[in-house]
Each structure stands twice: as structure tokens, then as C-alpha cells.
Amino acid sequence: MKTYRIATSGVLRRSPQEVRLSLHYTILQGLYWFGICAVNGFVSYYLSEKGFTDKQIGMIIAAVNTILLISQPFVAQFADKAIKIRIKHIILLFMSISMLLAGAMFYFSPKSNLFMPTYLILLVLTSLSAGLLTTLSSEHIARGTRINYSIARGIGSISFASMSIIAGLLTKRMGPNVSMLLFILFVTLFILALIRFPSSEKTIKRSDATATLSLKGFVLTHKRFMLTVFATFLMFISNNMVSTYFFQIVENVGGDASSFGKAVAIAAYIELISMMLYPLIKKRFGSHAMIMKLSSIAIFLKSIFILHAVSVGSIYLAQTLQFFGFGFYIPAQVYYVSSVIPEKDIAKGQMFIGFAGTLAVVFSSMVGGHFFDKIGMYQTIMIGAGLSFIGIVMMFFCMEKDKYTDLD
């Protein structure tokens with residue numbers, strides 16, 4: 001495995017080619033999250049307007065995440081083993097199919113037997129593409145190309161927040177189907193931009209697909225990394241539980257839908273600032289692993305503060321912890337995987353770390369929902385907080401040092 005160790009005494013200056021590539025990737029992230037918000041961000045609204053009950057909507061969301069848990073490992077395995085097919089080609093296929101499915105939704109009645117399977121496949125394919133889009137940057141990072149993932153992902157967060165406002169206004173005036181129109185528009189632009197995005201050449205010489213590890217082989221070979229994956233799953237539980245009941249928490253302190261929207265927007269815009277500053281933070285702490293550890297504490301504290309908020313203002317204040325939490329954690333996680341997993345298995349590495357987040361969502365929704373009915377929201381989230389604290393402690397002991405890259 002060829003390694004790339006770049007010594008840094010400050011924020012690295014990127015070559016003109018790297019600047020162009022980072023700009024191109026930033027455009028991809030922006031267009032992707034514009035489109036994704038229009039569909040995935042309005043699942044509850046879209047389905048409720050189509051006549052589905054809250055219980056049915058919850059089951060549908062759980063089904064989507066369960067399908068993701070099952071399919072993610074196989075998609076990652078295929079992406080790593082494929083010799084001629086690049087990550088870019090898989091994303092193009094998934095998003096092209098998604099666009100066609102979104103168009104088909106205009107013609108299916110909610111009572112049609114085709115409505116739900118089409119909608120589920122649409123949500124699954126768009127969600128799978130998120131992890132693959134991250135891996136697309138990891139391929140270049142593993143080759144020593146300094147794509148500025150942190151800023152690109154920050155623009156993605158801003159795009160999602162902006163689209164939530166735009167789509168919210170348009171769907172209120174024009175109905176739920178406008179979300180599909182917006183999705184088709186931005187996915188079309190995304191596909192056009194992705195076609196022109198250069199694929200990183202695979203440097204691992206192999207005459208067959210056996211050069212990469214199987215899923216079982218990956219787990220057995222990277223035991224400490226898999227412990228990190230499990231710790232990440234635990235760490236995300238309390239945050240996901242708070243996210244599940246965030247609207248109810250806002251209402252409990254006297255807020256409304258407007259307050260909820262403002263709270264979400266505050267976190268999104270603050271994320272962009274911290275992601276832009278990530279190279280400087282990396283210079284200060286020197287390790288992507290250390291940034292993940294510290295930001296996980298901020299994520300944990302944010303969920304605790306929101307749970308104990310006494311006013312809308314205190315929720316807004318708690319949301320500012322996004323600066324130290326997800327704003328740093330998201331890019332650190334991507335760079336960390338690229339620094340401890342060989343290039344030939346990078347898709348599986350990114351998949352497993354994303355798998356932890358998806359599993360936390362399913363756990364929080366299904367198990368958390370069960371306990372919520374039995375013992376109440378506060379007690380349920382505090383149990384989740386205990387599990388998250390264990391996960392954070394595990395992260396401090398099991399995370400590895402950088403092996404392959406040192407890129408900011």
C-alpha cells in the first residue's frame with residue numbers, strides 16, 4: 001500500500017488543480033443536499049398529506065433505515081471490489097434511478113400497490129448515495145489529493161437548511177408534489193456536475209477482486225476500527241433520541257414550528273463556520289482522532305442541554321454547540337477513516353462508520369419509541385445518554401493514530 005505522509009507546519013496550500021477539484025466537489029455536495037432535503041427532509045409532511053398516519057410514517061422511516069443497514073455493506077463491498085466501475089458510476093446509477101422514480105410518484109395514487117415500493121426505493125437509493133459521495137472524496141484523499149471536504153460538507157449543510165425553508169414555503173402553497181419537482185431539478189444538475197467530476201485512478205494492482213478484504217475479513221483485520229464503529233453507534237444514541245423528539249421538546253418550552261425551524265437553521269449555519277475552520281483546528285490538535293473524541297463530547301453535551309432546556313432561548317443557545325460538535329466531527333470522521341484504512345478498502349471503512357449512525361437512528365426510533373411509551377421521554381433519553389457516555393469513553397481508548405494520510 002502506497003502511503004502519503006504530508007508534513008504540515010500550518011494550513012496546507014492547495015495546488016490550482018486541488019482548488020478546482022475542491023470547488024467542483026463543493027458544488028456536488030451543495031446540489032446533492034438541495035435535492036435530498038426536498039425528498040428525504042419532507043418524508044413526514046409528504047406522507048401525511050398523502051393520507052398516512054403517524055404510526056404508518058414511523059414504520060416507513062424504520063423500514064428505510066432497516067433496508068439501509070442491510071444494503072450498505074454489500075454496496076460498499078461491490079464498490080471496493082469493482083475494477084472498472086468507479087464510485088462515481090454507482091452514484092450516477094443510483095441518482096438517475098431516483099430521478100425516474102420521483103417522476104413516477106406523480107402518477108401513483110397512495111392506494112396503488114406501486115406507490116410504497118417506489119417511494120421506499122427512492123429514499124433508500126438517495127440515502128445510499130450520501131455515503132458514496134463521501135467515499136468519492138476519500139478516494140482522492142487516499143491518493144494524496146487535498147480535497148477540502150470540510151468546507152464542501154459545510155456547504156451541503158447550508159444547502160439542506162436553505163432548501164428546507166424554500167421547500168417549506170412552496171409545499172405550503174403548491175402541495176406535497178412540489179418536493180418531487182425540486183428533487184428532479186437539483187438531481188438533474190447534480191448528475192450533470194458529477195459526469196464531469198474526475199474519478200481517482202485506483203492504484204491497487206489486482207488481476208481479480210480478491211485483493212480487497214471481504215466484509216468478514218475487514219472486520220477481523222481492523223478490530224480496533226470496528227470497536228470505534230461500535231463506540232460511534234453508542235455515542236450517537238442520545239443525540240438521535242433528542243432529534244426524534246426535538247419538536248416536542250421545543251413545544252414543551254413554549255416554542256412552535258417557527259421556533260423549531262430557527263433552531264435547526266442555527267445549527268446548520270454554525271456548522272458551516274466550524275467546517276471552514278477545520279484545517280486550523282487540525283493544525284492545533286494534530287490528529288483527526290483527537291478532534292473526533294473532543295467533538296463527540298460536545299455532541300453529547302448538546303443533547304443533554306437541549307433535554308434540560310427551560311426556554312426557547314436556551315434551546316437556541318444549546319444549538320450553538322453544533323460549532324464544536326457536528327461541525328468538527330463530520331469532516332474529522334471522513335479524514336479519520338482515510339487515515340487508518342487502506343485505499344483498497346476505503347469504501348467499506350466509510351460504510352461502516354456511516355453504518356454506526358444509521359444503526360443508532362434505528363435503535364433510537366424503535367427501542368427508544370418503546371421505552372418512551374413505557375417510562376416517558378425524559379427517562380428514555382437519559383438512558384440513551386448513559387449509553388452515549390460509554391461510547392465516548394470507548395472512543396478515547398480504541399481509536400487509532402493516523403497511518404496513511406495527514407491531509408487537511
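**A small cavity and its helical surroundings**

Ile61, Ala62, Asn65, Val361, Val362, Ser365 and Met366 together line the second largest cavity. The model in which this cavity appears is a predicted one. The volume of the second largest cavity is about 30 Å³, and the chain has two cavities of 30 Å³ or more. Rolling a probe the size of a water molecule over the atoms is what reveals where empty space remains.

Which helices supply at least two residues each to this lining? They are α3, spanning residues 54–81, and α16, spanning residues 346–375. Of these, α16 gives the largest share, with four residues. In chemical character, the lining of the second largest cavity consists of five nonpolar residues and two polar ones, and no charged residue takes part. Asn65 and Ser365 are among the lining residues, and so are Val361 and Val362.

The wider architecture can now be considered. The secondary structure of the chain comprises 17 helices and zero strands. Of its 408 residues, 56% count as buried. Among contacts between residues at least 6 apart in sequence, 87% join residues at least 24 apart. The chain exposes about 17,700 Å², and 68% of this area is supplied by carbon and sulfur atoms.

Individual residues show how such contacts arise within the helices. Phe236 lies in helix α9, which covers residues 223–244. Is Phe236 buried or exposed? Its relative accessibility is 8%, and Phe236 therefore counts as buried, since the cut-off for that class is under 20%. Once neighbours within four places in sequence are set aside, the contacts of Phe236 are Phe326, Tyr329, Gly357, Ala360 and Ser388. Gly357 and Ala360 fall within the residue range of α16, the helix that also gives four residues to the cavity lining. A further spatial relation concerns Phe300: although 64 residues separate Phe236 from Phe300 along the chain, their C-alpha atoms are 8.1 Å apart.

Thr134 offers a second example. This residue is found in helix α5, residues 115–142. With a relative accessible area of 13%, Thr134 is below the 20% limit and is therefore buried. Leaving out residues up to four places away in sequence, Thr134 touches Tyr25, Tyr149, Val334 and Gln350. Gln350 lies within the range of α16.

A lysine provides a third case. Lys302 belongs to helix α13, which runs over residues 288–307. Because its relative accessibility is 9%, Lys302 counts as buried. Beyond its neighbours within four places in sequence, Lys302 is in contact with Ala318, Gln319, Leu321 and Gln322. For one of these, Gln319, the separation from Lys302 is 17 residues along the chain, and the C-alpha atoms of the two are 6.8 Å apart.

The cysteines complete the account. How many disulfides does the structure hold? The number is zero. A disulfide is a covalent bond that links the sulfur atoms of two cysteines. Cys37 has a relative accessibility of 0% and so counts as buried. Cys398, at 7%, is likewise counted as buried.

How values were computed
Residues numbered from 1 in each chain as written. Predicted model: local features only at pLDDT ≥ 70, side-chain atom pairs only at ≥ 80, totals over all residues. Heavy atoms only, no water. 1 Å grid on protein atoms, 1.4 Å probe; cavity = no way out; pocket = protein on both sides within 12 Å on 5 of 7 lines; lining within 4 Å. Points joined across faces, edges and corners; volume = space filled by probe spheres on them. Nonpolar A, V, L, I, M, F, W, Y, C, P; charged D, E, K, R; others polar. Disulfide = S-S within 2.5 Å. Buried < 20%, exposed > 50% of the residue type's maximum accessible area, 1.4 Å probe, protein only. Contact = heavy atoms within 4.5 Å. Areas by Shrake-Rupley, 256 points an atom, 1.4 Å probe, with all protein chains shown as cover.
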